[in-house]
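Good morning, everyone, and thank you for making room for me on the agenda. I would like to walk through one structure with you, slowly, and I will begin with how its pieces pack together before I turn to single residues.

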Amino acid sequence: MKLGRKGEAALLRELIGAIDNEEAAPRRAEQASLVRHNFRSGSAEVERRVLGKDQVRGLLLSEAEKREQAAAEFTRLGKAEAADALRTEAQLARRYLEE
């Protein structure tokens, strides 16, 4: 951000958001709405998942591939500028796979 790379900063926010979403607690079966919750019982706290290095790597790879597929579609539609922007994002995402 300090270097003025707004596009790269936005992509990093998106990637962090994707990781954060993946680490969210798994959904539980819905309970009837009549069930009352005792907020002081501690039952509202649900432990988040923690992704391993391979899972984060797979997620980053998936995000890069999504952008490449979208870029191919934009190219097919004749929107070269949008396709180039997505390809740049995919390259930036793949940069974090190398580490």
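**How the helices pack**

Let me start with helix α2, residues 53–76, and helix α3, residues 80–95, which pack with their axes 8 Å apart and at an angle of about 165 degrees. Please keep in mind throughout that what you see is a predicted model. Angles over 145 degrees count as roughly antiparallel, and α2 and α3 are therefore roughly antiparallel to each other. Their crossing is left-handed. On the α2 side the contact is made by L60, L61, A64, E65, R67, E68, A70, A71, A72, F74 and T75, while α3 brings A82, A83, L86, R87, E89, A90, A93 and R94 to it. If we sort the residues of this contact of α2 with α3 by class, we find 12 nonpolar, one polar and six charged.

Now that we have seen one pair, let us step back to the whole chain. How many helices and how many strands are there in the protein? There are three helices and zero strands, and if you read along the sequence the pattern is α-α-α. Of the 99 residues in the protein, 18% are buried. Among the contacts between residues at least 6 apart in sequence, 64% join residues at least 24 apart.

Next comes the pair α1 and α2, whose axes come within 10 Å of each other and cross at roughly 130 degrees. That angle falls outside the ranges for roughly parallel, roughly perpendicular and roughly antiparallel, and α1 and α2 are therefore described as oblique to each other. The crossing here is right-handed. From α1 the contact takes L11, E14, L15, A18, I19 and E22, and from α2 it takes V56, L59, L60, E63 and R67. By class, this contact of α1 with α2 has seven nonpolar residues, no polar ones and four charged ones.

The remaining pair is α1 and α3, where the axes come within 10 Å and cross at roughly 60 degrees. That makes α1 oblique to α3. In passing α3, α1 makes a right-handed crossing. Here E8, L11 and L15 of α1 meet E89, L92, A93 and R95 of α3, and the residues of this contact of α1 with α3 divide into four nonpolar, no polar and three charged.

**Looking along α2 and α3**

Let us now take α2 by itself and follow it from end to end. It has 24 residues, and from its first C-alpha to its last it reaches 35 Å, which is close to the 34 Å expected at 1.5 Å a residue. Which residues of α2 are buried? They are L59, L60, E63, A64, R67 and A71, and these buried residues pack against α1 and α3. After α2 comes G78, whose phi is positive, near 80 degrees.

For α3 we can make a similar check: at 1.5 Å a residue, its 16 residues should span 22 Å, and its end C-alpha atoms are 22 Å apart, which agrees. Buried in α3 are A83, L86, A90, L92 and A93, and what covers these buried residues includes α1, residues 6–22, and α2.

**Two residues of α2**

I would like to finish with two residues, beginning with E63, which is found in helix α2. Why does E63 count as buried? The cut-off for buried is under 20% relative accessible area, and E63 counts as buried because its relative accessibility is 11%. When we leave aside its neighbours within four places in sequence, E63 is in contact with L15 and A18.

The second residue is V56, which also lies in helix α2. With a relative accessible area of 22%, V56 is partly exposed. Not counting residues up to four places away in sequence, V56 touches I19 and L51. As for A18, that residue and V56 are 38 residues apart in sequence and 9.6 Å apart in space, C-alpha to C-alpha.

Thank you for listening, and I am happy to go back to any of the helices.

Definitions and conventions:
Residues numbered from 1 in each chain as written. Predicted model: local features only at pLDDT ≥ 70, side-chain atom pairs only at ≥ 80, totals over all residues. Heavy atoms only, no water. Axes fitted to C-alpha atoms, helices over the stretch in contact; angles between N-to-C directions. Helix = DSSP H or I, 4+ residues; strand = E, 2+ residues; numbered from the N terminus. Parallel < 35°, antiparallel > 145°, perpendicular 65-115°, else oblique. Left-handed = near helix turned anticlockwise from the far one by under 90°. Contact = heavy atoms within 4.5 Å. Nonpolar A, V, L, I, M, F, W, Y, C, P; charged D, E, K, R; others polar. Expected span 1.5 Å × (residues − 1). Buried < 20%, exposed > 50% of the residue type's maximum accessible area, 1.4 Å probe, protein only.
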